[in-house]
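Take a moment to look over the sequence and the fold, and then follow the chain from its central strands outwards to its overall layout.

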Amino acid sequence: MSDKIIGIIGLGNMGTAIAEGFIGAGISSNKIIASGRDLNKLNKKADNLGIVAATSNEEVADKADIIIIAVIPSVIEETLNPIKEQLQGKLVVSVVSRYFFEEYEQLFTGLNIHHISTIPNTPVAVGEGIFVCEKKHNLSDEEFGLFKDLFSKIALLQFFDTNLLEVATVISGCAPAFADMFIEALGDAGVTYGLTRNEAYSLAAQMLVGSGKLRNESRKHPGELKDLVTSPGGTTIRGVNSLEEDGFRGTIIRAVKAIVES
Ligand SMILES: NC(=O)c1ccc[n+]([C@@H]2O[C@H](COP(=O)([O-])OP(=O)(O)OC[C@H]3O[C@@H](n4cnc5c(N)ncnc54)[C@H](OP(=O)(O)O)[C@@H]3O)[C@@H](O)[C@H]2O)c1
């Protein structure tokens, strides 16, 4: 894999997060080439990351082996139409929301382009992301192996049928905002009792990192993990009871429903 060149078409928020994640995972920054619309902006961002700034999307399509499509959905056709012939023989990874296998097949009609659609979240920047991936793709076994090897360096990869991508993305991509609100609320509570903001936020954030890691590594039911922290007659169960009285779990489920059904 070390000889593969990674191309990013659209070095915006997500393209940058992915580049940061790869660099943090030890991929040499000179193996990453990116393009953008505004070349001044692109050059500055590429300089900050130490990656190669391309002068055009054609250059990325020409030089890269793995090409990440990271533009917004409304410009995808105008971006890819001029270069789609060049994408044949490359491994194309889309991170564009709501643009999945069938939409690409339509766009690529008559061409033999190997592609997979995914939706990452921004924690990919620190190697703790999630790539929600569409099960339906046309990568060869070798390309699929390469895709998994590369992207699992920065994220958990989870594969779903097309009809489940939306809800999976709400949990991976929207719920970080809920988690940030939870961290902020715990921070306010800590500050109430004398912790500094920074101390309280660091404690709350690392508590979420550790609780998430423990769940995924142990594969235990979250209720079982909660039970391990709530000793009989202890203090934690009082907090749990208080959350139940205020409808904590129902509130979260309603928030997910509000997005999915919007
Ligand atoms: N941000 C997230 O949390 C997130 C999560 C999951 C999926 N996504 C998906 O990731 C994609 C990018 O989102 P984003 O948040 O990173 O948006 P963004 O910050 O607006 O980035 C889009 C980038 O595409 C560039 N671009 C526009 N037209 C182009 C063209 N013709 N050729 C090359 N580059 C072009 C823009 O460059 P200029 O600035 O020069 O115009 C910009 O840097 C979207 O499809 C989105 O659905 C994002």
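Two strands are said to pair if DSSP, a program that assigns helices and strands, finds at least two bridges between them. With that rule in hand, and keeping in mind that this is a predicted model, we can begin with strand 5, which pairs with strand 6 in the parallel sense over four bridges. Within this pairing, Ser94 has Ser117 of strand 6 as its bridge partner. Between the two strands the chain passes through helix 5, residues 101–107, and this β-α-β crossover from strand 5 to strand 6 is right-handed.

Strand 5 also pairs with strand 4, residues 66–69, again in the parallel sense and over four bridges, and here Ile66 stands opposite Leu91 of strand 5. How are the two faces of strand 5 covered? In a regular strand the side chains alternate between the two faces of the sheet. In strand 5, which spans residues 91–94, Leu91 and Val93 lie on one side while Val92 and Ser94 lie on the other, and all of these residues are buried, with both faces covered.

The next feature to find is the ligand, which is surrounded by 27 residues, the closest being Gly10, Gly12, Met14, Asp38 and Ser97. Two elements, helix 1 (13–24) and strand 6 (114–120), each give two or more residues to this shell, and helix 1 provides the largest share of the shell, with three residues. Sorted by class, the shell around the ligand holds 12 nonpolar, 12 polar and three charged residues.

Stepping back to the whole chain, we can ask which domains the assignment gives. The domain assignment divides the chain into domain 1, covering 6–160, and domain 2, covering 168–260, and the centres of these domains, taken over C-alpha atoms, are separated by 33 Å. Where they touch, the contact takes six residues from domain 1 and five residues from domain 2. On the side of domain 1, strand 7 (129–134) and strand 8 (155–160) each supply at least two residues, and that side is made up of four nonpolar and two polar residues, with no charged residues.

Finally, some overall values complete the picture: the chain has 11 helices and eight strands, and its C-alpha atoms fill a box of roughly 65 × 40 × 35 Å along the principal axes. Of the 262 residues in the chain, 28% are buried. Among the contacts in the chain with a separation of 6 or more, 62% are between residues 24 or more positions apart.

Terms used. Residues are numbered from 1 along each chain as its sequence is written. This is a predicted model: local features need pLDDT of at least 70, side-chain atom pairs count only at pLDDT 80 or more; totals for chains, interfaces and linings use all residues. Domain bounds come from an automatic or database domain assignment. Two residues are in contact if their C-beta atoms, placed from the backbone, lie within 7 Å. Ala, Val, Leu, Ile, Met, Phe, Trp, Tyr, Cys and Pro count as nonpolar, Asp, Glu, Lys and Arg as charged, and the others, Gly among them, as polar. A residue is near a molecule or strand if its C-beta atom, placed from the backbone, lies within 6 Å of it. A residue is buried if 20 or more other C-beta atoms lie within 10 Å of its own, exposed if 12 or fewer, and partly exposed in between; C-beta atoms are placed from the backbone. A crossover is right-handed if, with the strands pointing away from the viewer, the path from the first strand over the helix to the second runs clockwise.
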